[in-house]
Amino acid sequence: MIRHTFTAALVGTSALAAARFLVPAAAAQAPTPPISFVKDVRPIFQTSCESCHGEAQVSGFDLRTSESALKGGDHGGDIVPGSADQSRLYRRIAGLEQPSMPKEGAALTAQQISLIKTWIDQGAHWDASAPASASAAPADASNAPSAARNYWAFKLPVRAPVPDGSSHINPIDRFLEKARQEKALKPAPRAARLTLLRRAYLDLIGLPPTPAETAAFLADSRPDAWERLIDSLLASPHYGERWGRHWLDVARYADSSGFEHDYDRPNAWRYRDYVIRAFNDDKPYDVFLKEQIAGDELEKRTDDTMIATGFLRAGPRVAFREKDNPERRYEYLDDLIDTTSRGVLGLTVRCARCHNHKFDPIPQRDYYSLITTFFGYVETTYPLVPRAEAEAFEKKLHAIEERQASLKAEIKQIDAPYVERLRQEAYKQFPENVQRAIAKPEAERTPGEQLLAAQVIEQTNIGARLLDRDMKAEDVAKKKALAAEIASLDRQKPKPIPTADIVTDGDYRFAPDGDGDEVIGCPKCRVWDVASGSFLHAGPGKYEAPPSYLLIRGDPNSKGPLMKPGFVTAATYGNPPTEMPPADGHTSGRRRALAEWLASPQNPLTARVIVNRIWHHHFGRGIVATLDNFGKMGEPPTHPELLDYLAVEFMNRGWSIKQMHRLIMTSEAYQMASAYEDPADSERDPQDQYLWRFRAQRLDAEIVRDSILEASGGINLAIGGPSVFPPLPPEVLRSVSFGVWKNAEDGPEVWRRSVYVYRRRGLVFPMFQVFDLPEQNVTAGARNVSTVPTQALTLLNNPFVLRQAQMFADRVKQEAGDDPAKQIDLAYRIALTRPPTDAELTIALDSLKRQTLVDLTDVLFNLNEFVYMR
């Protein structure tokens, strides 16, 4: 007791001083009660030690079990039962031996050090009932902490019974009405038919209805006219353009690589078109996910499944090759983990890169198990032509390039003596110590001389400055003849075949010479066969993924234990396979296993996350407001039973997104008015979380532009193909040094739907930026919605908007004739899907006496009603 009294008094002193003071005190006192490992020691190990000496096993030392702890690390002697003074563990936490521990976080208190010392002196006994540390558990669901499973998002969704006592037919309305009654909220009445018509068009296809479509709907008096309208819009090819754009936000899609050089990705649009096709075809969401995660590993591989893997490489990339900058690979892998986990699972797994997740039950080992699943991926191209055509192309191109390489070697041989002479002359401008370093054989240079010589040699690029006047006339003539032959061969090269940018398995440590990050399989054992579109073995055996390690504190230079592929433990039920290699052995099958786990009914998150996204895009707010964070730092669901009902219903209906649209849009909740005020409801639920009225939503940037083009009559509704480049002002183009923007004439060629506008990471299209286009370098959940002066200024003064306003006025005059009243009526019907009110008609007629029809059409573009879905 005296010793513990001293300990308490010394908590404020340094751990070293306390430890040295307590050593003799312990010997002088009577035997102390036994220290409990479970109660007193294990909590210290778990909070302060196991981040390095748990799964990571730094220096081979593992404190999770008695066997591994008493075995010690690489040098032994970490715990010597009965003698704390001889135990490296005690000596380092007490500061008696360097480096002191723990390296990270707060130092242990004097009381903690004393407890561990006494425990070791008493024999370092593990309590007989002490289980292995939780962090020692293998990555399977049976070892997930029970507390983790108690959190709502990690429980499997259960189809809740539909509430009774309501006259509503749609189950969604019954769940919502039950919640409204509990909150004493009254629902808004149904919106007007024209409002619903415009809402459905903008929501499903992102275009307002034409006057003819409006008239047809109003004339349809059948009881199921609304259901018929929904089905017709879901069948429209423009549906995929609208809803595919939502997924492209998740996939962080862009047409350029980002960062400083922002290289063009000429094939990126193929993935965008794949997404649009998938939504138009109502491809089951589970299949959609499998194709994007592992389209190259499926039993039935098609051009579409290969193109789908572009999802994995859609993120930003720097200009350096991975084999020269291996640390970059971990940044790309982190991007994959972040995009997949937030986009599909609604989890911030990225937060476990350097340590266990601070809020959610996601240990660091789960992060690196997922890294291991992706680790063998490589980026390459896939031919979109028949095998025979691809082989013929490769054969002809290879023959020409071989001949050109021989000619270039001849030119280099002619240049060599001249280059060497000029190089030696150039070296003379540097100090003597630099010249001496260059003159030395490379093997004899000191490290400093090697660095100095390399920098000077690299900077002295003589070949680029070699001029004809520096050479003999006959050598100049030979060079020109060789250059002419090379140019002639260039003209003989076959026309490039169409290719797609894909991902498959390989060995990232081997890459071809040239620019960019494309990599190929190890040339010692595997080659990329462009004709068949897969990695083929040059010898016997199956593909083996390169080793992947847990990185201590996320540092690529601090490798921990070798990892195996796995999933998020808390979200895993049973023991699903972590590898499903295809029969041909071309890949590891790890991504296929991940895809199957993601798209399984036994995954508690995937279905919930996608139905919540669908709900958000219909209602302007998800049942879980934080679309990509279902963890503890995200918002809880406002209607948890409804969310689970929708998730189970979604899976039971074949993972069909269009079926979910029908269910939601036929609800009374979707058909409620937005222009409705109830003081009591507003006070009780000011954020409309419980849907007592429809939430008015500002249109996305792309839909604002598309609606303007539709109103003017100038929209080009061609579907798919390479991205277009609407003109940008010269001053904007001059603001960036790299990347591409092929300024085209402002006309029908670039008046395509906005999903087809070139997405350049380093230069966001200004009109999209003004209307809150999300960050294109990371996966995006809900878009921000701002109201800023530049939006009004854009709609009032932008040359594109002004030209479309003129075209809108010309269209109105052509279709309505010279009668001002008819012109105003038609303009309102085109822009707002309704006739003007009497007051609006009076004001507009008066304005036309002083101003032009173009002024009116431009004003219509600037109305809140034009840029909002109500």
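Helices α25 and α27 are oblique to each other, since their axes cross at roughly 45 degrees. This is a predicted model, and the briefing below visits a few of its helix contacts, a covered strand and helix, one buried phenylalanine and some unusual backbone spots.

**Helix α27 and its two neighbours**

- Helix α25 covers residues 606-619 and helix α27 covers residues 657-665, and their axes come within 11 Å.
- The crossing in which α25 passes α27 is right-handed.
- On the α25 side the contact is made by V611, I614, W615, H618 and F619, and on the α27 side by I657, M660, H661, I664 and M665.
- Sorted by class, this contact of α25 with α27 holds 8 nonpolar and 2 polar residues, with no charged ones.
- Helix α27 also packs with α26, here at an angle of about 135 degrees and with the axes 9 Å apart.
- An angle from 115 to 145 degrees falls outside the roughly perpendicular and roughly antiparallel ranges, and α26 and α27 are therefore oblique to each other.
- The α26 and α27 crossing is right-handed.
- From α26, the residues L646, E649 and F650 meet I657, M660 and L663 of α27.
- That contact of α26 with α27 has 5 nonpolar residues, 1 charged residue and no polar ones.
- I657 and M660 of α27 appear in the contact with α25, and I657 and M660 also appear in the contact with α26.

**The loop leading into α27**

- W655 sits in the loop between α26 (640-652) and α27.
- The phi of W655 is near 55 degrees, which is a positive value in a residue other than glycine.
- W655 has a relative accessible area of 6%, so this residue is buried.

**Helices α33 and α36**

- Helix α33 (residues 799-816) packs with helix α36 (residues 853-862) at an angle of about 120 degrees, and their axes are 8 Å apart.
- As α33 passes α36, the crossing is right-handed.
- The α33 residues in this contact are V801, L802, Q804, A805, Q806, F808, A809, V812 and K813, and they meet L853, V854, T857, D858, L860 and F861 of α36.
- The contact of α33 with α36 divides into 10 nonpolar, 3 polar and 2 charged residues.

**A covered strand and a covered helix**

- Strand β2 spans residues 499-505, and 7 of its 7 residues are buried.
- The cover of β2 extends to both faces, with T499, D501, V503 and D505 on one side and A500, I502 and T504 on the other.
- β2 pairs with strand β1 (residues 377-383) in the antiparallel sense, over 7 bridges.
- Within this pairing, T381 has D501 of β2 as its bridge partner.
- Helix α18 (residues 364-374) is mostly covered too, with 11 of its 11 residues buried.
- Among the buried residues of α18 are R365, D366, Y367, Y368 and F374.
- The buried residues of α18 pack against α17 (327-345), β1, β5 (549-551) and α24 (590-598).
- β1 therefore links the two parts of this topic, as a neighbour of α18 and as the pairing partner of β2.**F768 in helix α31**

- F768 is found in helix α31, which covers residues 766-770.
- The relative accessible area of F768 is 0%, so F768 is buried.
- Residues touched by F768, leaving aside those up to four places away in sequence, are A701, E702, R705, S754, V757, R759 and L773.
- F768 and Q791 are 23 residues apart along the chain, and their C-alpha atoms are separated by 10.0 Å.

**Unusual backbone spots further up the chain**

- Most residues other than glycine have a negative phi, and most peptide bonds are trans.
- The peptide bond from Q98 to P99 is cis, with omega near 0 degrees.
- A cis peptide bond also joins M101 and P102, with omega at about -5 degrees.
- P99 is placed in the loop between α6 (88-93) and α7 (110-121), and P102 lies in the loop between α6 and α7 as well.
- A124 is a residue other than glycine with a positive phi, near 50 degrees.
- A124 belongs to the loop between α7 and α8 (146-150).
- With a relative accessibility of 4%, A124 counts as buried.

Definitions and conventions. Residues numbered from 1 in each chain as written. Predicted model: local features only at pLDDT ≥ 70, side-chain atom pairs only at ≥ 80, totals over all residues. Heavy atoms only, no water. Axes fitted to C-alpha atoms, helices over the stretch in contact; angles between N-to-C directions. Helix = DSSP H or I, 4+ residues; strand = E, 2+ residues; numbered from the N terminus. Parallel < 35°, antiparallel > 145°, perpendicular 65-115°, else oblique. Left-handed = near helix turned anticlockwise from the far one by under 90°. Contact = heavy atoms within 4.5 Å. Nonpolar A, V, L, I, M, F, W, Y, C, P; charged D, E, K, R; others polar. Buried < 20%, exposed > 50% of the residue type's maximum accessible area, 1.4 Å probe, protein only. Pairing = 2+ DSSP bridges.
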